[in-house]
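Reader: Could you take me through this protein, beginning with one of its helices?
Author: Certainly; the structure is shown first.

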Amino acid sequence: MKSYLIKGAVLPSGEIADIAVGQGKFRAVGVGAADSLEAGYQVIDADGLQALPGLVDLHTHLRQPGQEDSETVYTGTLSAAYGGYTCVHAMANTTPVQDNAAIVEQVQHLGDEAGWVQVRPVGAVSAGLKGERLADLGAMNRSGAAVSVFSDDGKCVSDPVLMRRALEYVKTFDGVVAQHAQDPRMTENAQMNESPLSAQLGLTGWPAVAEEAIILRDIQLASHVGSRVHICHLSTAGSVDIVRWAKSRGIQVTAEATPHHILLTEELARSYDPRYKVNPPLRSAEDAQAVVEGLVDGTIDIIGTDHAPHALEMKDCEWQEGAFGMIGLETALPVVQKVLVDTGKFNWEDVARVMSTTPAKIGRVKEQGQGIEVGAEANLALWDPTVRRTIELDTQHSRSTNTPFLGMELPGQTRYTMWKGAFTIFDAQAVEKTERNRNESI
């Protein structure tokens, strides 16, 4: 395994430092880190690049097995690596469903074969995602995949008795249930956020209370059981208030926000373009601002992408027929920089917290949650915050093209991604420039 000396990187603290990597671990970090090292280190000039611990996504849809026309583990994890990620949690709504030890081990094996990032399968809460009986949570936890996060994401665990049983079960091995908060009876045929705009556009509204009621119920169940619950893709001001109240009472709840819910709003539905159709829906500007405030004050713990690829025909259609979901692994950090860093609401330590170390802790991924520290596994993203790029399809690496940020100028680019001490992405900016020049010369 090669050894590297990364010179002149900017640590999340703001300190300019050298980072030495050898045998898959951080050997030295700081000013003059190379002074006591032996020869043989390949030097990487990281002047001006922001160093971040490898990003961790607690909410990724990789679609394989069964939906390979939308994404594969290989293409999804390649996209993740280009986004600066070194670990993703693969959601359970595959075909067949990840509701048993054999399937979660298969997904982990596909991730190991791809070699771009660590893949941690998420186990289904209910068998077949049907919401009728518990999947074999214990067997998935004891399997080679060691599953600790369980979710029926895409569907809500709407039965309170089943949800209680799941919370009781995962408590025995310190697991967590990640809830897709959506009361199904209040959202039948819903197409967008319920508001005066939905009435104006003639689209069935999706009320905020359908999310908030489930969150409040599950927080109370988690408190009663003494277990951990995680709220997926929180999207309303009321949801932020409920989580804030629960944390003030010491209840074990964590929550995530997506990049699209902090930047985009329901106004995009005016286009009737299904690229902007997502679950939960894009909300009002006031909701988006409340979610941003929740991230800033720590009510919301992490950024999760909810990367949801779809085949072209699932989005190139009428709004009502379009599938819910957006891709987002490669645009997550640009959106966070635009909304939170460039506005002064976050520093880079905050970014590392919500996009790396905290999601790793929630998912119990020990090797991904230690940060850039001597002796820790060398998982690293080197980010160029000075670049401004227009999002184009030929710069995205997912198999699907359903990005809501197409044509939008966003800041920053991953230059290097390192997983377990080896570069998975090496000078992406130079590669992109070479590809552009080659295409122009043809």
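**Helix α6 and its surroundings**

Author: The cover over the buried residues of α6 includes α4 (160-171), β10 (176-179), β13 (229-231), α7 (237-248) and β14 (253-257). Contact means heavy atoms within 4.5 Å. Helices (H or I, at least four residues) and strands (E, at least two) are DSSP runs, numbered from the N terminus.

Reader: Is this model predicted, and how are residues numbered?
Author: The model is predicted: local features need pLDDT of at least 70, side-chain atom pairs count only at pLDDT 80 or more, and totals for chains, interfaces and linings use all residues. Residues are numbered from 1 along each chain as its sequence is written, and side-chain values use heavy atoms, with hydrogens and water left out.

Reader: Which residues of α6 are buried?
Author: Among them are Ala210, Ile214, Arg217, Asp218 and Val225. Buried means under 20% relative accessible area, exposed over 50%, and partly exposed in between (1.4 Å probe, protein chains only).

Reader: What comes just after α6?
Author: Gly226 follows, with a positive phi of about 80 degrees.

Reader: Now the whole protein: how many helices and strands are there?
Author: The protein has 12 helices and 18 strands. Its radius of gyration is 21 Å, close to the 22 Å that the globule rule gives for 442 residues, so the protein is as compact as a globular protein of that length. That radius is taken over C-alpha atoms, and the rule is 2.2 Å times the number of residues to the power 0.38.

Reader: How much of the protein is buried?
Author: Buried residues amount to 63% of the 442.
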